[in-house]
Amino acid sequence: MLNEFKDFIAKGNVMDMAVGIIIGAAFTAIVTSLVGDLINPIIGLFMGGIDFTNNYAVLSGEVAEGASLEAAREAGAAVFAYGAFIMAIINFLIIAFVVFMLVRYVNRVKDAAETKEEETPAEDPGPSELDILMEIRDALKK
């Protein structure tokens, strides 16, 4: 059973998946920074300077007016954090778009490589046996 497990782990698909998961985790940190540090301020600029991630509604409990979402949660209030949810949706859409563009680019490169292989003419093997026999027949007729 141990040998079967070693064979399973050594297969290319499992290793590719592991690399994909590790790169995906690192990529998530990059996209989170992109959304939090670049896109949120732009959205906030168009929304009148509002920090979108701190938009929430208090369902129950006491929260000081203008308190941040984190302060409201620390106070023990039940909050409806719609701003954080909207930012999670925006984050997902950005990740999905970037992955789409990456897969699209990889597929184009792959298709171009396959097309290039198909277009490369095979070496001319010379005349076929039938061509030689036809030439001999034509020469004998003369």
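## Confidence in the model

pLDDT is the predictor's confidence in each residue, on a scale from 0 to 100. The structure discussed here is a predicted model, and the mean pLDDT of its chain is 80, with 92% of the residues reaching 70 or more. Among the elements of the chain, the lowest mean pLDDT, 75, belongs to helix α1 (residues 2-10), whereas the highest, 87, belongs to helix α5 (residues 129-141).

## Nonpolar cores

The largest nonpolar core is built from six residues, namely Tyr56, Leu69, Ala72, Ala77, Val79 and Ala81. When neighbours within four places in sequence are left aside, Ala81 is in contact with Asn55, Tyr56, Leu69 and Arg73, and two of these partners, Tyr56 and Leu69, also belong to the core. A second core, separate from this one, has five residues, among them Val31, Phe52, Met87 and Ile94.

## A nonpolar patch on the surface

Nonpolar side chains also appear at the surface, where Leu59, Phe80, Tyr82, Phe85, Ile86, Ile89, Phe92 and Leu93 make a patch of about 820 Å². Helix α4 (residues 82-119) supplies the largest share of this patch, with six residues. One residue of the patch is Ile86, which is found in helix α4 and is partly exposed, with a relative accessible area of 30%.

## The salt bridge

Side chains of opposite charge can pair when their charged atoms come close. A search of the whole structure finds one salt bridge, in which the side chains of Asp138 and Arg137 meet at 3.3 Å, N to O. Asp138 is partly exposed, with a relative accessible area of 38%, and Arg137, at 41%, likewise counts as partly exposed.

Terms used. Residues numbered from 1 in each chain as written. Heavy atoms only, no water. Patch = residues over 30% accessible without salt bridge, like charges linked within 9 Å, V, L, I, M, F, W, Y side chains within 5 Å. Areas by Shrake-Rupley, 256 points an atom, 1.4 Å probe, with all protein chains shown as cover. Salt bridge = Lys/Arg side-chain N within 4 Å of Asp/Glu carboxyl O. Helix = DSSP H or I, 4+ residues; strand = E, 2+ residues; numbered from the N terminus. Buried < 20%, exposed > 50% of the residue type's maximum accessible area, 1.4 Å probe, protein only. Core = buried A, V, L, I, M, F, W, Y, C linked by side-chain atoms within 4.5 Å. Contact = heavy atoms within 4.5 Å.
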